[in-house]
Amino acid sequence: MNSQVLRKRTTLLMGGRFDISIVDKDSLSAEKNINEVIAEITRIENLISDWKPTSQVSEVNQNAGIKPVKVDREVFELAQRAIKLSEITNGAFDVSFAALDRVWKFDGSMTEMPSAEAIKKSVEKVGYKNIILDSINSTIFLKLKGMKIGFGALGEGYATDKCRKMMLEKGIQAGIINGSGDMSTWGKQPNGNDWKIGITNPFHPEKLIGTVPLKEGAVTTSGNYEKFVVFNGKRYSHIINPATGYPATGLCSVTVFGPNAETANGLSTSMMVLGQKDGLLLLQKFPEYSCLMITDKGKVIKSKNFAYKL
């Protein structure tokens, strides 16, 4: 067995932090591969980031209510998958969530709950059913003026999956690509051990509930323990239900394990919105995925197929 080195680099991409770890035959080769991963994530960012005015997604948003916009097949297929997820979750996940008016503030400036009217108005332009995809012409059309799509964390999951695939095709034996907590892993550490992924305790973010060994797979966490407000003793998280405009309540964090970070992210986000009961029902439709939920009260709930000891 060749001696293996592990190289790591942290960088800001897609509006968040990416930690890239590559196990390779020598440092030079590892650094070169990290550069390739960064170039690939940057390429995807320039294609799909809704905050980059020149991206294809921004062009789609700028033409909302005006005309369909032709996009690369890659963007089209990502939109297709996002809409499918919006359908399966009945809009608990909604790719047109980007048009939501930010009536909830989580920076400490909000002293009372927004009015029911303001909340209702905030989701007026949100609704995946108003997105028209044309597969033959590879176009996306948003029917309502002011509508917007945004891939958000799905995009990060997609990027980490894509980079893992690219590295595996190059024969790179092992690595972790972590985009703001959305992780794709493969292979083993240079010492032959599995990668260990820590699960944060939402009530004490500096502590872990436990660690889980990952061989080849993905893990994503959605949580509200960093941003939330409390009114009348009830916690309202920064994760908003796109269908109602109200914040998700009941769960503090959801961690999903499975083969693919893009799907895992869509599931962890949706499950935060759906809550414990409906979230677990949704997960049953994806037998390759398992989860660990932590409720507002600090209770740890595992899906039936959760195979790890904590």
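Here a biologist and a modeller chat about helix 5 and its surroundings in a predicted model.

Modeller: Residues are numbered from 1 along each chain as its sequence is written. Since the model is predicted, local features need pLDDT of at least 70 and side-chain atom pairs count only at pLDDT 80 or more, while totals for chains, interfaces and linings use all residues, and side-chain values use heavy atoms, without hydrogens or water.

Biologist: What makes helix 5 roughly antiparallel to helix 6?

Modeller: Helix 5 (residues 152-169) and helix 6 (residues 261-283) pack at about 155 degrees, their axes 7 Å apart. Angles over 145 degrees count as roughly antiparallel, so helix 5 earns that label against helix 6.

Biologist: Which residues of helix 5 make the contact with helix 6?

Modeller: Contact means heavy atoms within 4.5 Å. On the helix 5 side, Ala-153, Leu-154, Gly-157, Tyr-158, Thr-160 and Asp-161 take part, and helix 6 brings Ala-261, Glu-262, Asn-265 and Gly-266.

Biologist: Why is Arg-164 called buried?

Modeller: Buried means under 20% relative accessible area. Arg-164 has 8%, so the word fits. Arg-164 lies in helix 5 and touches residues including Trp-186, Glu-216 and Pro-259.

Biologist: How do you know that the span of helix 5 agrees with what it should be?

Modeller: The expected span is 1.5 Å times one less than the number of residues. For the 18 residues of helix 5 that gives 26 Å, and the end C-alpha atoms are 26 Å apart, so the two agree.

Biologist: What comes just after helix 5?

Modeller: Gly-171, with a positive phi of about 85 degrees.

Key: Axes fitted to C-alpha atoms, helices over the stretch in contact; angles between N-to-C directions. Helix = DSSP H or I, 4+ residues; strand = E, 2+ residues; numbered from the N terminus. Parallel < 35°, antiparallel > 145°, perpendicular 65-115°, else oblique. Buried < 20%, exposed > 50% of the residue type's maximum accessible area, 1.4 Å probe, protein only. Lists of a residue's contacts leave out its neighbours within four places in sequence.
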